[in-house]
Amino acid sequence: MDQPERRAFVQFTTGCPHLPPTGLAALNPMLSVSLKHCPDGAESELPSASTCFHVLKMPAYTSKEALSERLGYAIANSKGLIDMS
C-alpha cells in the first residue's frame, strides 16, 4: 500500500485519517481483525469495520486478489461517511 492507501485504510478502520503520534501500537482499543459471517458466501460480501472498536470485519476470501479488490472497493466507497478528524 502506498501512503494514500494506508491513510484510507486507517480512516476505514478507525474513523480517523491518521494514527496516534506513536503509531499503530498506541491505538486504544487496539486494531483487530475478525472473521465476518457470510451466509451467502464470502465472495458476495465486502469487508466492514466497527470504527469505535477498531475492528476490521473480513470475509474469508479464497484469494489475496479477491481480498485486495474487495477491501479497496469498500474503502473507496466509504469515503466521507465517517470522519472523526
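Select α1 and colour its buried residues, those under 20% relative accessible area with a 1.4 Å probe and protein chains only: they are A8, F9, V10, Q11, F12, T13 and T14. This is a predicted model, in which local features need pLDDT of at least 70 and side-chain atom pairs count only at pLDDT 80 or more, while totals for chains, interfaces and linings use all residues. Residues are numbered from 1 along each chain as its sequence is written, and side-chain values use heavy atoms, with hydrogens and water left out.

Stay with α1, a helix in the sense of a DSSP run of H or I with at least four residues, strands being E runs of at least two, and both numbered from the N terminus. α1 has 12 residues and spans 16 Å from its first C-alpha to its last, close to the 16 Å expected at 1.5 Å a residue, where the expectation is 1.5 Å times one less than the number of residues. Just after α1 comes G15, with a positive phi near 85°. Now show what covers the buried residues of α1, which includes β2 (48–50), β3 (55–58) and α2, a contact being heavy atoms within 4.5 Å.

Next, select the largest nonpolar core, whose 11 residues are A8, F9, F12, A42, L56, M58, Y61, A66, L71, A74 and I75; such a core is a set of buried Ala, Val, Leu, Ile, Met, Phe, Trp, Tyr and Cys residues joined through side-chain atoms within 4.5 Å. At least two residues of this core come from each of α1, β3 and α2, and α2 gives the largest share, 4 residues. Centre the view on L71, which touches F9, F12, P47, L56 and M58 when residues up to four places away in sequence are not counted.

Then turn to the second largest pocket, lined by M1, P4, E5, A8, S68, L71, G72, I75 and K79. On a 1 Å grid over the protein atoms alone, a pocket is an open set of points with protein on both sides within 12 Å along at least five of seven lines, and lining residues have an atom within 4 Å of a point. The largest share of this lining, 4 residues, belongs to α2, and by class the lining holds 5 nonpolar, 2 polar and 2 charged residues.

Finally, select K64, which lies in helix α2. Is K64 buried or exposed? K64 is exposed (over 50%), with a relative accessible area of 72%.

Technical notes
1 Å grid on protein atoms, 1.4 Å probe; cavity = no way out; pocket = protein on both sides within 12 Å on 5 of 7 lines; lining within 4 Å. Nonpolar A, V, L, I, M, F, W, Y, C, P; charged D, E, K, R; others polar.
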